[in-house]
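Take a look at the fold below before reading on. The text then goes through it piece by piece.

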Amino acid sequence: VLGHVPAVVYMKDTEGRYLFINRRFEELFQAGNDAMAGKTDHALFPAALAESFRANDKRVLEARRPIEFEEIVDRNGAPLIYESLKFPLLDADGIPHAVCGVSSDVTLQRKNEEEMRLLRLSIWHADRVERTGAITSSLAHELNQPLAAILSNAQAGLRFLDREPPEANELHAILEDIVRDDKRASAVITGLRAMLKRQDTHRERIDLGRSVDEVVKLMHSEFLTRGVEIHCDLAADCRVRADKAQIQQVMLNLAMNAIEAMAEQPAGTRHLWLSVAAATEGKVKAAVRDAGVGIPPELLGKVFDGFFTTKSQGLGIGLAVCRSILESHGGRIWAENNEDRGATFYLTLPLAREVGGAGPKSA
């Protein structure tokens with residue numbers, strides 16, 4: 001049976017000397033059972049790799065219980081990744097006298113997982129670009145305002161400099177206005193770059209309410225252009241450990257969906273509510289509620305499925321990516337129809353714990 005098992009199977013004594021290897025081991029490492037008897041990993045592998053295998057074996061012998069490891073072996077210049085389950089053999093007194101291992105090659109599985117991760121990252125990035133591109137004209141408007149104010153103040157400052165003597169107080173006020181408007185333009189650009197930036201996830205403690213407020217400010221002109229009245233109830237100090245750009249992308253996506261759901265509603269009836277509050281069981285709950293047409297009941301369970309969409313031009317990846325992001329953060333997302341009209345999307349995230357293992361910070 002062991003000779004036909006596709007995994008690598010072996011047994012060593014407590015000093016690391018081989019007692020048995022199966023056929024798969026022999027085929028992979030060109031080592032016969034008789035030839036390996038009494039030898040250690042140093043006979044087959046580089047010293048550093050052999051020592052790492054020995055360290056894992058010792059952990060199993062000391063723990064006297066099975067332990068799983070991920071071990072990487074170089075074969076003909078190509079790394080092979082193995083999931084190894086190692087367990088001790090115990091005598092009648094419970095003393096270990098050997099360690100056994102069953103190692104399965106998961107190289108192809110890990111490669112596929114990495115390709116899927118990169119594909120998800122590419123889809124998420126494409127969706128961010130699409131969503132952010134939908135509000136570029138509004139962003140241009142947001143930038144034009146502080147830039148125009150900076151130009152106007154600079155021109156006024158030059159005129160004051162021409163006076164004899166120059167009016168220091170007026171110049172000081174003008175320079176303060178320029179600094180304020182410059183920071184405002186910089187904030188818009190920084191927010192946009194963070195959402196468009198393609199990079200590995202970086203998680204930190206963030207204030208969820210403040211992060212949502214930044215999205216609202218970024219979309220300010222979009223709300224004005226679409227005739228949407230925004231209502232915010234964002235509790236302070238609801239801190240979560242998350243990738244800020246990813247969470248803001250989720251909120252941007254949900255807000256854009258809500259705006260599109262209200263596009264056909266009469267002017268003056270397009271309302272969007274955003275809320276963040278501490279929930280029970282150490283979680284933060286956010287909600288995006290619209291006054292649109294709602295979601296057909298039979299589709300409520302499908303809206304987060306990949307490539308499912310009700311839009312004629314939609315790809316059906318936005319909400320699926322939102323769910324993926326939330327679940328990777330230990331949270332969840334779901335949708336419900338409102339009693340009057342429209343729909344609400346809810347999401348929860350775990351409250352960030354204080355350094356040192358303390359409980360969640362009170363909101």
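What follows is a walk from the overall fold through two sheets, a cavity and some single residues.

This is a predicted model. The protein has 363 residues, and 39% of them count as buried. Its secondary structure comes to ten helices and twelve strands. Contacts reach far along the chain. Among those between residues at least 6 apart in sequence, 60% join residues at least 24 apart.

Start with the sheet that holds β1. Five strands make up this open sheet, in the order β2-β1-β5-β4-β3, and the pairing is antiparallel. The edge strands are β2 (18-21) and β3, each of which pairs on one side only. On average, neighbouring strands here are turned by 25 degrees against each other, with direction ignored. Helix α3 (residues 47-63) packs on this sheet. The helix touches β1, β3, β4 and β5, and its direction makes about 165 degrees with that of β3.

Now look at the partners of β1. On one hand there is β5 (residues 96-105), an antiparallel neighbour joined to β1 over six bridges. Within that pair, Val 8 stands opposite Ser 103 in β5. On the other hand there is β2, also antiparallel to β1, with three bridges between them. Here Met 11 has Phe 20 in β2 as its bridge partner. The link between β1 and β2 is a hairpin with four residues between the strands. Gly 16 sits in the turn and has a positive phi of about 90 degrees.

Strand β4 carries Lys 86. Is this lysine buried or exposed? Its relative accessible area is 1%, so Lys 86 is buried, the cut-off being under 20%. The C-alpha atoms of Lys 86 and Arg 59 are separated by 9.6 Å, and the two residues are 27 apart along the chain.

Next comes the interior. How many cavities of 30 Å³ or more does a search of the whole structure find? The search finds two. The largest has a volume of about 140 Å³. Its lining consists of 15 residues, of which Tyr 10, Phe 25, Phe 53, Glu 71 and Ser 103 lie nearest the centre. The elements that give two or more residues to this lining are β1 (8-13), α1 (23-29), β3 (67-75) and β4 (78-90). By class, the lining of the largest cavity has nine nonpolar, two polar and four charged residues. Ser 103, named above as the residue opposite Val 8, is thus met again at this cavity.

Move on to the other sheet. Five strands again form an open sheet, here in the order β7-β9-β10-β12-β11, and the pairing is mixed. Strands β7 and β11 stand at the edges. Each has a single partner strand, so one side of each is left without a neighbour in the sheet. The average turn between neighbouring strands of this sheet is 15 degrees, direction ignored.

Two antiparallel pairs can be followed in detail. Strand β9 (residues 271-278) pairs with β10 (residues 283-290) over seven bridges, in the antiparallel sense. Trp 273 has Arg 289 in β10 as its bridge partner. Strands β11 (residues 332-337) and β12 (residues 343-350) also run antiparallel, joined by six bridges. There Glu 336 has Thr 344 in β12 as its bridge partner. The hairpin of β11 and β12 has five residues between the strands, and Gly 342 in this hairpin takes a positive phi near 85 degrees. Helix α9 (residues 244-261) lies across β9, β10, β11 and β12. The helix runs at about 25 degrees to β10.

Finish with the loops. Gln 30 lies between α1 and α2 (33-36). Its phi is positive, about 50 degrees, although Gln 30 is not a glycine. With a relative accessible area of 68%, Gln 30 is exposed. Asp 237 is also not a glycine, yet has a positive phi of about 65 degrees. This aspartate is found in the loop between β7 (229-234) and β8 (239-242).

Gly 227 belongs to the loop between α8 (220-226) and β7. What relative accessibility does Gly 227 have? The value is 36%, so Gly 227 counts as partly exposed. Its C-alpha atom is separated by 7.3 Å from that of Gly 268, which is 41 residues away along the chain.

Notes: Residues are numbered from 1 along each chain as its sequence is written. This is a predicted model: local features need pLDDT of at least 70, side-chain atom pairs count only at pLDDT 80 or more; totals for chains, interfaces and linings use all residues. Side-chain values use heavy atoms; hydrogens and water are left out. On a 1 Å grid over the protein atoms alone, a cavity is a set of points where a 1.4 Å probe fits but cannot get out, and a pocket is an open set with protein on both sides within 12 Å along at least five of seven lines; lining residues have an atom within 4 Å of a point. Grid points are joined across faces, edges and corners, and a volume is the space filled by probe spheres set on the points. Ala, Val, Leu, Ile, Met, Phe, Trp, Tyr, Cys and Pro count as nonpolar, Asp, Glu, Lys and Arg as charged, and the others, Gly among them, as polar. Two strands pair if DSSP finds at least two bridges between them. Axes are lines fitted to C-alpha atoms, for helices over the stretch in contact, and angles run from 0 to 180 degrees between N-to-C directions. Contact means heavy atoms within 4.5 Å. Buried means under 20% relative accessible area, exposed over 50%, partly exposed in between (1.4 Å probe, protein chains only).
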